[in-house]
Structures are given as structure tokens and as C-alpha cells.
Amino acid sequence: MHKTTLTLLIAFFCLSNSQLFAQHDFAKIEKNINVLASGLYHDLNATKDTLVLKSDSKISYIYDIYNKMKYDINRRVYASDYKVALRDLDIGKHIFVVVKDSLKIVFVVRIYGEDPTIVASSN
């Protein structure tokens with residue numbers, strides 16, 4: 001009985017601390033859930049350091065608004081799929097605007113960077 005209790009206690013301790021040793025996310029996306037935005041796939045890759053955009057029609061333009069209308073990304077695309085490297089952007093909240101077929105799709109990407117204390121303080 002003593003061994004079973006000890007085993008359960010150790011298992012509980014290991015499972016409760018697994019979040020402390022987990023790798024934090026580099027970035028987090030807040031997707032646009034509007035029905036009109038369903039034609040644009042917008043998500044982060046597995047390592048969460050690249051924004052992946054795919055569309056059924058051509059994406060004409062992409063830009064982001066970071067701080068007081070400062071644009072970090074301001075590109076003409078003219079492609080149906082596009083990737084944006086997030087490691088080159090500043091830490092903070094970026095509002096992305098993707099223009100396709102005279103429709104502007106807006107979503108938010110929060111970049112935390114490599115520092116795990118930023119993730120804890122921003123949640």
C-alpha cells in the first residue's frame with residue numbers, strides 16, 4: 001500500500017509540473033472567424049514562428065499595423081499562398097490585414113519572442 005501511495009504521489013507531482021518545463025509559444029494567433037474570411041487559411045506553422053497564408057484566390061496585398069500605424073510588413077503578393085517570417089518582427093501585438101478580391105481580412109498575431117517571462121506577464 002505504501003508503494004502505491006508513493007507511486008501515485010510521484011506521478012501527480014510529475015504531471016502537475018509538466019507545464020513548467022514545456023516550451024513556450026513564440027507567437028499566438030487570434031483568427032478572424034467571420035464567414036467572409038473563411039476563404040483565407042491563416043495559421044501559424046508547427047514551431048509558431050511563421051505565419052502561413054493560403055487562399056482559394058490570389059492574395060493581392062498584406063500589411064501589418066504594429067505601433068501607431070507603423071508598418072513592419074507592407075508587401076504586394078499576387079499569389080495564392082504566402083509565408084511570413086515572424087522572427088523579424090518586434091515583440092507585441094501585430095494587426096495583420098490581408099487584401100484579396102477587394103476584401104480586407106483582419107486578424108491579430110501576438111509575438112512573444114524567446115523570453116518566457118513575456119508570455120507569463122501578457123496572459
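## Close-up views of a predicted model

**Figure 1. The largest nonpolar core.** Welcome to the interior of this predicted model: the largest nonpolar core holds 22 residues, and those touching the most other members are Leu 51, Leu 53, Ile 62, Leu 86, Phe 96, Phe 107 and Val 109. At least two residues of this core come from each of the strands β1 (27–30), β2 (40–44), β3 (50–65), β4 (74–85), β5 (92–100) and β6 (103–111).

**Figure 2. The surroundings of Phe 107.** Here we zoom in on one of the core residues that touch the most other members, Phe 107. Neighbours within four places in sequence are set aside, and the contacts of Phe 107 then include Leu 40, Leu 51, Leu 53, Ile 95, Phe 96 and Val 98. Polar and charged names also appear in the contact list of Phe 107, among them Glu 30, Lys 31, Asn 32, His 42 and His 94.

**Figure 3. The salt bridge between Lys 31 and Asp 43.** The whole structure contains five salt bridges, and in this one the side chains of Lys 31 and Asp 43 meet at 3.3 Å, N to O. Lys 31 sits in the loop between β1 and β2 while Asp 43 belongs to strand β2, so the pair ties together parts that are twelve residues apart in sequence. Lys 31 is partly exposed, with 43% relative accessibility.

**Figure 4. The salt bridge between Asp 49 and Arg 87.** The closest N and O atoms of this pair are 3.1 Å apart. Because Asp 49 lies in the loop between β2 and β3 and Arg 87 in the loop between β4 and β5, the salt bridge ties together parts that are 38 residues apart in sequence. Asp 49 is buried at 16% relative accessible area, whereas Arg 87 is partly exposed at 44%.

**Figure 5. The salt bridge between Lys 100 and Asp 56.** The side chains of Lys 100 and Asp 56 meet at 3.1 Å, N to O. This pair links distant parts of the chain, with Lys 100 in strand β5 and Asp 56 in strand β3, 44 residues apart. Lys 100 has a relative accessible area of 6% and counts as buried, while Asp 56 is exposed at 63%.

**Figure 6. The whole chain, for orientation.** To place the close-ups, follow the chain through its two helices and six strands, in the order α-β-β-β-β-β-β-α. Of the 123 residues, 33% are buried. Among contacts with a separation of 6 or more, 49% join residues 24 or more positions apart. The accessible surface is about 8400 Å², and carbon and sulfur atoms account for 58% of this area.

How values were computed
Residues are numbered from 1 along each chain as its sequence is written. This is a predicted model: local features need pLDDT of at least 70, side-chain atom pairs count only at pLDDT 80 or more; totals for chains, interfaces and linings use all residues. Side-chain values use heavy atoms; hydrogens and water are left out. Helices (H or I, at least four residues) and strands (E, at least two) are DSSP runs, numbered from the N terminus. Buried means under 20% relative accessible area, exposed over 50%, partly exposed in between (1.4 Å probe, protein chains only). Contact means heavy atoms within 4.5 Å. Accessible areas come from the Shrake-Rupley method with a 1.4 Å probe; for residues, only the protein chains shown count as cover. A nonpolar core is a set of buried Ala, Val, Leu, Ile, Met, Phe, Trp, Tyr and Cys residues joined through side-chain atoms within 4.5 Å. A salt bridge is a side-chain nitrogen of Lys or Arg within 4 Å of a carboxyl oxygen of Asp or Glu.
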